[in-house]
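Q: I have a structure in front of me and want to learn to read it. Where do we start?
A: Let us begin with strands, then turn to helices.

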Amino acid sequence: MKTRGILERSSSTMPKELVFMLRLLREEVPAEALVRQCPPQLDWNLLVRLAMHHRVFPRVYLRLKELPKRLVPDDILEALRRQYQSNTVQMLHLTREMSTIQAALEKSGIRCLFLKGPSLAMQLYGDVSLRTSKDLDLLLHQDEVEKAEGVLKELGYIPEEERVLANWKQTSHHVSLKHAAHAAQVEIHWRLNPHFSKAYSFDQLWSRRSAISVSGQTVYGLGHEDLLGYLTDHGARHGWFRLRWLMDIVKLTPRLDALLLEHHLREQGGEHYAGQAWILASALFYVRIPVELHPFMKSTKSRQLAAMALHYIERIVQLNPVPEKSVAWHYNRYLIALMDGKQRAAYFRNKLLPNSRDAMQLPLPRELHFLYYVLRPVLWSWRRLQALSKNPFAGRN
């Protein structure tokens, strides 16, 4: 299916350093071709910035090592080598923590699916050093979240945010913890996404889990088709502003059962997110998408979302945890465009629900907590004004 027109339309605004980095990330491009395709007067420092921003520097470093030494400045290769080694140490540290957490949860009878981190690196790349990750993401049954928190606290993890109100599972989809000694971060999820869309139950996801061998230990992750749904939802919500997420789709797509995945998407939704991801992967990385999945890429909404995401990919912008002021309006429009009618209604309804930030901003006795429903718009507006006055980022909710 022809999707490269979307890339051609943006080539005039895409820096040559980003275009060359995309070539480096395409596995089928041999080193000899990269030498010929390396543009003159390349800004190597910008290339490093792009590789770091998009979190693809391990792959960029290994590819640049294949090129003649005369082509790549020594200081550039050395800078990327240091980042590559630092990331390898970080991923080995997370691997050790993952092993410890897995064993502790199993001992307590808690089932756990690892969503990202070293498990995803092994599942897709076969090597923990080839993908970056800052934390561990776990998916549990919602009834076991508090029990799992207790297990993690015994291991030295401390919640990063105080929870005051009792509706925290309704207003969020995960909680974050950080280790008191070595600062490893863990997110416990009880939903795969915050969109309040249709979703498979934890038991259904567990029944289709993938067994992943990491450093001699077996951990469990999502099955390939469930993983595609999760990764495309996550990448879409963040505007694919990091190419690392699209690289995951590139690695995962050949492993999919196209007919089974089509059934999943039709039943649970997420067709436009998947279509968007495949359009971008095909345009930027020349990935071949199975014919059975082409209808998802042909939808007007998928193509519209792909074009909107290119606005973030071709720039160095930050959308998470809050979008840069320069793209905040565009990103808010993009988020609304992502959702269907039911998701939008649930999204705005959830915005009206008070959360623990409201309670921490204006502490009230428990018997007066009902007043937060009335005060929520005022408290939210006040926080947003404070955030805008202090920095160039849009305020959190």
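A: This is a predicted model. Start with one pair of strands: S2 and S5 pair in the parallel sense, over 5 bridges.

Q: Which residue is the bridge partner of Leu-136 in S5?
A: Take the residue that stands across from Leu-136: in S5 that is Val-186.

Q: How many bridges join S4 to S5, and do the two run parallel or antiparallel?
A: Strand S5 covers residues 185-189, and 5 bridges join S4 to S5. These two strands run antiparallel. Here Val-186 appears again: in S5, Val-186 stands opposite Leu-177.

Q: What do S4 and S5 form, and how many residues lie between them?
A: They form a hairpin, with 5 residues between the two strands. Look at Ala-183 in the turn: its phi is positive, about 65 degrees.

Q: Which strand pairs with S4 over 3 bridges?
A: That is S3, residues 157-159, and the pairing is antiparallel. Two facing pairs help you find the place. Ile-158 stands opposite Lys-178 in S4. Tyr-157 stands opposite His-179 in S4.

Q: In what order do the strands form the sheet?
A: Read across the sheet: the order is S1-S2-S5-S4-S3. These 5 strands make an open sheet with mixed pairing.

Q: Why is one side of S1 and of S3 left without a neighbour in the sheet?
A: Both stand at the edges, S1 being residues 113-114, and each has a single partner strand, so one side of each has no neighbour in the sheet.

Q: Which residues of S4 are on the covered face, and which are on the uncovered one?
A: Sort the residues of the strand by face. In S4, residues 174-179, the covered face holds Val-175, Leu-177 and His-179. The uncovered face holds His-174, Ser-176 and Lys-178.

Q: How many residues of S5 are buried?
A: Count those under 20% relative accessible area. In S5, 4 of 5 residues are buried, and the strand is mostly covered.

Q: Which helix lies across the strands S1, S2, S3, S4 and S5?
A: Helix H6, residues 74-107, does. To describe how the helix lies, give an angle to a strand: H6 runs at about 30 degrees to S2.

Q: How far does H6 reach from its first C-alpha to its last?
A: Compare the span with what 1.5 Å a residue would give. H6 has 34 residues and reaches 50 Å, close to the 50 Å expected. After H6 comes Gly-109, with a positive phi near 75 degrees.

Q: What span should helix H11 have at 1.5 Å a residue?
A: H11 has 14 residues, 224-237, so it should span 20 Å; its end C-alpha atoms are 20 Å apart, which agrees. Just after H11, Gly-239 takes a positive phi of about 65 degrees.

Q: Why is H11 called largely enclosed by the rest of the structure?
A: Because 12 of its 14 residues are buried. Among them are Leu-227, Leu-228, Tyr-230 and Leu-231. The cover over the buried residues of H11 includes helices H7, H10, H12, H13, H14 and H17.

Q: At what angle do H2 and H5 pack?
A: Compare the two axes. H2 (residues 16-25) and H5 (residues 57-65) pack at about 80 degrees, with axes 9 Å apart. The two helices are therefore roughly perpendicular. Their contact includes Phe-20 and Met-21 of H2, with Val-60 and Leu-64 of H5. By class, this contact has 6 nonpolar, no polar and 3 charged residues.

Q: At what angle do the axes of H4 and H5 cross?
A: Roughly 140 degrees; the axes of H4 (residues 44-53) and H5 come within 8 Å. H4 and H5 are therefore oblique to each other. Trp-44, Leu-47, Ala-51 and Met-52 of H4 meet Phe-57, Val-60 and Leu-64 of H5. By class, the contact has 7 nonpolar, no polar and no charged residues.

Key: Residues numbered from 1 in each chain as written. Predicted model: local features only at pLDDT ≥ 70, side-chain atom pairs only at ≥ 80, totals over all residues. Heavy atoms only, no water. Expected span 1.5 Å × (residues − 1). Buried < 20%, exposed > 50% of the residue type's maximum accessible area, 1.4 Å probe, protein only. Contact = heavy atoms within 4.5 Å. Axes fitted to C-alpha atoms, helices over the stretch in contact; angles between N-to-C directions. Parallel < 35°, antiparallel > 145°, perpendicular 65-115°, else oblique. Nonpolar A, V, L, I, M, F, W, Y, C, P; charged D, E, K, R; others polar. Pairing = 2+ DSSP bridges.
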